[in-house]
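Me: Got a minute to go through a model with me? I'd like to hear what stands out.

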Amino acid sequence: MAIITFAQVKGGSGKTTLAKCMVAELVARGGSVAALDLDPNRPLARFFARIPELGGVEVASPDPQRRVSMLVRDLSARHGNVVIDLMGAATNDTQVALALSDLVVVPSQMSEDDFRGGIETWRQIEEAEAVARRPIARAVLLVRTASGAVRPRVEAFLREAYTREGAHVLTAAFGERTVWKEMNYAGWVPPLHERDGNAAANFAAIFDELMALLAASATRSVAAA
Amino acid sequence: MTAPRRPGLQLPRLEPGLTAPTSPDDPRFGLAASLERPEAVREAVAAGRVRAINAETGLELIAARAPAPKPASRRTAPEVALSTKVPDYVLRQLRRRYAESGITIRNQVLFALRLAGVEVRDEDLHDERRRGRG
């Protein structure tokens, strides 16, 4: 089981793109997955409807009668994985989604605003973990990094800054690539359609690292029980 | 020979334990539901953890803070301003009566005019300034 949330209180950090990739990766690996779209613009359902391989992915959205906790309870009883895409702000949904999650991914670009938002989100996850009294696997994922071999010094600076604040940063980073921008227009999703390409390999590396974190967290959870 | 545009999907081995659904009885759902209660959200707002309310999931919070809709006017005609001068002792009496009875100076004048034979409809004697105070 895995309830995976993409959270960052600052908007425009890449949550939705990563949520799309995560669902595509899980589908490509034969996993059972549903999604909860908490962005009122509803980008997930629109995107999945365009991709034949993702057309069958169930996407739920809340309304006054169907609360987030209710929807996730229902989805996670029927699917092995639930991917939650939050709105880019510290909303009332944020703390609910965090309390439900097994794994939280905090995307962060290189800006100071992203860093501030990333740390605030990290603190909220820590608080959710303390309240829930169970481990919540979590990681900061640097996004829109340079895809080439040369790493800008701000990336290393930011990794160190996050680490100093106690946040774990994934070794893999989500590289800046045109294919992620074209994904919606072309209906061409690297994790599904071009698994031997660099973009798919990039996301697969992120996925593998996240799954290792999740497995370690599950082990801690069993040991604590 | 050209390569196929869409390579066939690969099915790598899934991580064990990641495919089972989550039990609906898991305690996390009770905790999440408690965080959705209006008082929990208000507390989170006060603590600074929540700075925006999603209208789709926090409608009752927004609705509770919205001002009550203004009741439709029951008056039969638009109001116009009337300004005149009266002896100061008359105004003092009108003010004293307002303090004692709560009947506004406007309504005291309208009552008096009606007694003097001027048409003043009941609906127009309703003083809307006093609405919502009590």
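Reply: Sure, here is a run through the confidence, the sheet, a helix, some loop residues and the second chain.

Me: First off, is this predicted or experimental, and what is the mean pLDDT of chain A?

Reply: It's a predicted model. Chain A has a mean pLDDT of 92, with 98% of its residues at 70 or more.

Me: Where in chain A is confidence lowest, and where is it highest?

Reply: The low end is helix H9 (residues 198-224) of chain A, with a mean of 89, and the high end is E5(A), at 98.

Me: OK, the sheet. What's the strand order in chain A?

Reply: E3-E2-E4-E1-E5-E6-E7, an open sheet of 7 strands with parallel pairing. The edges are strand E3 (58-60) and strand E7 (174-175) of chain A, and each has a single partner strand, so one side of each has no neighbour in the sheet.

Me: And E1(A), what does it pair with?

Reply: On one hand there's strand E4 (residues 81-85) of chain A, parallel to E1(A) over 5 bridges. Thr5(A) has Ile84(A) as its bridge partner in E4(A). Then there's strand E5 (residues 103-108) of chain A, also running parallel to E1(A), joined by 3 bridges. There, Ile4(A) is bridged to Leu103(A).

Me: How many residues of E1(A) are buried?

Reply: 5 of its 5 residues, counting strand E1 as residues 2-6 of chain A. In a regular strand, side chains alternate between the two faces of the sheet. For E1(A) both faces are covered: Ala2(A), Ile4(A) and Phe6(A) are buried on one side, and Ile3(A) and Thr5(A) are buried on the other.

Me: Going further along, how many bridges join E5(A) to E6?

Reply: 6 bridges, with strand E6 (residues 137-145) of chain A running parallel to E5(A). Ser108(A) stands opposite Leu142(A) in E6(A).

Me: Switching to helices. Which residues of H2 in chain A are buried?

Reply: Leu44(A), Phe47(A) and Phe48(A), in helix H2 (residues 43-50) of chain A. Those three span an arc of only 95° around the axis, so they sit on the same side of H2(A). On the other side, Arg46(A) and Ala49(A) are exposed.

Me: What covers the buried residues of H2(A)?

Reply: The cover includes helix H1 (15-28), strand E2 (33-37), E3, E4 and helix H7 (178-186) of chain A. So there are both helices and strands of chain A in that list.

Me: Any odd backbone angles? What's phi at Arg42(A)?

Reply: Near 55°, which is positive in a residue other than glycine. Most residues other than glycine have a negative phi. Arg42(A) is in the loop between E2 and H2 of chain A. It counts as partly exposed because it has 13 C-beta neighbours inside 10 Å.

Me: And Arg133(A), what's phi there, and where does it lie?

Reply: Phi of Arg133(A) is near 55° too, again a positive value in a residue other than glycine. Arg133(A) lies in the loop between helix H5 (112-132) and E6 of chain A. It has 10 other C-beta atoms within 10 Å, so Arg133(A) is exposed.

Me: What about Gly187(A), which residues does it touch?

Reply: Arg50(A) and Ile51(A), leaving out residues up to four places away in sequence. Gly187(A) is in the loop between H7 and helix H8 (190-193) of chain A. It has 13 C-beta neighbours inside 10 Å, so Gly187(A) is partly exposed. From Gly187(A) to Ile84(A), C-alpha to C-alpha, is 21 Å in space and 103 residues in sequence.

Me: Now chain B. How many helices and strands?

Reply: 5 helices and 0 strands. Of its 134 residues, 10% count as buried.

Me: How is chain B divided into domains?

Reply: Domain 1 is 27-65 and domain 2 is 88-130. Taken over C-alpha atoms, the centres of those two domains of chain B are 48 Å apart.

Me: Last one: how many residues does each chain put into the contact?

Reply: 34 from chain B and 44 from chain A. On chain B's side, helix H1 (27-35) and helix H2 (38-47) each supply at least two residues. H1(B) gives the largest share, 6 residues. By type, chain B's side divides into 20 nonpolar, 7 polar and 7 charged residues.

Conventions
Residues numbered from 1 in each chain as written. Chains lettered and ligands numbered in written order. Predicted model: local features only at pLDDT ≥ 70, side-chain atom pairs only at ≥ 80, totals over all residues. Contact = placed C-beta atoms within 7 Å. Helix = DSSP H or I, 4+ residues; strand = E, 2+ residues; numbered from the N terminus. Nonpolar A, V, L, I, M, F, W, Y, C, P; charged D, E, K, R; others polar. Domains from an automatic or database assignment. Buried ≥ 20, exposed ≤ 12 C-beta atoms within 10 Å, placed from the backbone. Pairing = 2+ DSSP bridges. Arc of directions from axis to C-beta. pLDDT = per-residue confidence, 0-100.
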